[in-house]
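Q: I'm new to this structure and would like a close look at how its helices pack against each other. Could you walk me through that part, and then through a few residues worth a visit?

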Amino acid sequence: WCDGRPGWHIECSVMSKKYLGDQIDIHAGGEDLVFPHHENEIAQSEAYIGHKWCNYWFHVLHLNTNSGKMSKSTGEFLTVSLLEEKGYNPLAYRFFCLQSHYRKSLVFSYENLDNAQGAFNKLLAKIAALKDDENEAIDEAAVKELTEKFKAALDNDINTSLGITVLYDVLKAKTNDKTKLALLADFDKVLSLSLLDEAKKLKETKKEEASTPAVDDEFSKFVEEQLALRAEAKKNKNWAEADRIRDELTAKGVKILDTPDGAKWSL
């Protein structure tokens, strides 16, 4: 029609009003959307509805690589599909993100992701070791104390890093396993890490491994040698070689699990 705005910003106002109504509590987005997109959303939405539109704005800083901002234009762009192709659990990537505050730029590297996946796997192993005894009663005092601690972390500017810390506090708490499992399930409604489901899968995998016949020594030696070469490649940041070794082992039916103590494998 003429020079100026709103341009494409009108779409978000219209969709928000249609699906969420005339007022919303929280609006999220990347820091690069503050101007002009969100400022225009506010102006056009409030001009139309005649009152305050959104109570809180939640702007997340960028995911960076060591060389700078990650974006399609630079050719450095991370996708969940790519992580899965490389053998990573997408939930480990979510765990990696939750360990940082949204107001801080997060630096991505496969080394950092390996560390996060190892920590996530250890967390799941601890949860898998908990026993849900139907004869136990929920410890209401422990629930109250730890829930207040978790809420305090989120009330502190949505500090998910502190929230993750409370997960470990639950596991260390002097209370029964039934209470711990109930708390973990409740907190996971916020964190969305599928903690109990993933722990259950881990437990079932261990059962399968225990019933799987042992492989011959020659093949075991081959796999261990390849994993040592892969570890050396990762240490030298030769990610292409590390990926090649992983892919070769995967093609032979080897499942690799990266942990803080090194890579573990099974068939």
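A: What follows is a tour of two helix pairs, and then of some single residues in helices and loops. Keep in mind that this is a predicted model.

Let's begin with a bit of background. Two packed helices are described by the angle between their axes and the distance between the axes. So those are the two things to look for in each pair.

Take α6 and α8 to begin with. Helix α6 covers residues 140-155 and helix α8 covers residues 177-191; their axes come within 10 Å and cross at roughly 20 degrees. An angle under 35 degrees counts as roughly parallel, and α6 and α8 are therefore roughly parallel to each other. The crossing, where α6 passes α8, is right-handed. Which residues do the touching? On the α6 side you'll find A142, V143, L146, T147, F150 and L154, and they meet T179, L183, F187, V190 and L191 of α8. Sorted by class, this contact has 9 nonpolar and 2 polar residues, with no charged ones.

Now swing over to α10 and α11. Helix α10 spans residues 217-235, helix α11 spans residues 239-251, and their axes come within 8 Å, crossing at roughly 160 degrees. Angles over 145 degrees count as roughly antiparallel, and α10 and α11 are therefore roughly antiparallel to each other. Their crossing is left-handed. From α10, the residues F222, V223, Q226, L227, L229, R230, A233 and K234 take part, and they meet W239, E241, A242, I245, R246, E248 and L249 in α11. Here the classes come out as 9 nonpolar, 1 polar and 5 charged residues.

So much for pairs; on to helix α2. This helix runs over residues 34-49, and S45 is part of it. Is S45 buried or exposed? It counts as buried, with a relative accessibility of 6%. The side chain of S45 makes a polar contact with the side chain of S13, at 2.8 Å. If you leave aside neighbours within four places in sequence, S45 is in contact with S13 and W53. Helix α2 also holds P36, and the link leading into that proline deserves a look. The peptide bond from F35 to P36 is cis, with omega near 5 degrees. For context, most peptide bonds are trans.

Next stop, helix α4, residues 90-98. Its buried residues are L91, A92, Y93, F95, F96 and L98. At the start of α4, a side-chain oxygen of N89 reaches to within 2.9 Å of the backbone nitrogen of L91.

Something similar to look at is T79, which sits in the loop between β4 (68-69) and α3 (80-85). The side chain of T79 reaches the backbone nitrogen of L82 at 3.0 Å. T79 is partly exposed, with a relative accessible area of 32%. If you'd like a sense of scale, T79 and D197 are 118 residues apart along the chain, and their C-alpha atoms are separated by 23 Å.

Then there's N121, found in helix α5 (residues 110-128). At 15% relative accessibility, N121 counts as buried, since the cut-off for that word is under 20%. What does the side chain of N121 reach? It reaches the backbone oxygen of D258, at 3.2 Å. Not counting residues up to four places away in sequence, N121 touches L202, L257 and D258.

Last, let's look at a couple of loops that lead out of the helices we began with. Most residues other than glycine have a negative phi. Against that background, I158 and S194 are worth finding. I158 is in the loop between α6 and α7 (160-172), and its phi is near 50 degrees, a positive value in a residue other than glycine. I158 is partly exposed, at 33% relative accessible area. S194 is in the loop between α8 and α9 (195-211). The phi of S194 is also positive, near 50 degrees, and this residue isn't glycine either. With a relative accessible area of 30%, S194 is partly exposed.

To retrace the helix pairs on screen, look for α6 and α8 running roughly parallel, and then for α10 and α11 running roughly antiparallel.

How values were computed
Residues are numbered from 1 along each chain as its sequence is written. This is a predicted model: local features need pLDDT of at least 70, side-chain atom pairs count only at pLDDT 80 or more; totals for chains, interfaces and linings use all residues. Side-chain values use heavy atoms; hydrogens and water are left out. Axes are lines fitted to C-alpha atoms, for helices over the stretch in contact, and angles run from 0 to 180 degrees between N-to-C directions. Helices (H or I, at least four residues) and strands (E, at least two) are DSSP runs, numbered from the N terminus. Angles under 35 degrees count as roughly parallel, over 145 as roughly antiparallel, 65 to 115 as roughly perpendicular and the rest as oblique. A crossing is left-handed if the near helix is turned anticlockwise from the far one by less than a right angle, and right-handed if clockwise. Contact means heavy atoms within 4.5 Å. Ala, Val, Leu, Ile, Met, Phe, Trp, Tyr, Cys and Pro count as nonpolar, Asp, Glu, Lys and Arg as charged, and the others, Gly among them, as polar. Buried means under 20% relative accessible area, exposed over 50%, partly exposed in between (1.4 Å probe, protein chains only). A polar contact is a pair of N or O atoms within 3.5 Å; within protein, one must be able to donate a hydrogen and the other to accept it, and residues adjacent in sequence count only if both atoms are side-chain atoms.
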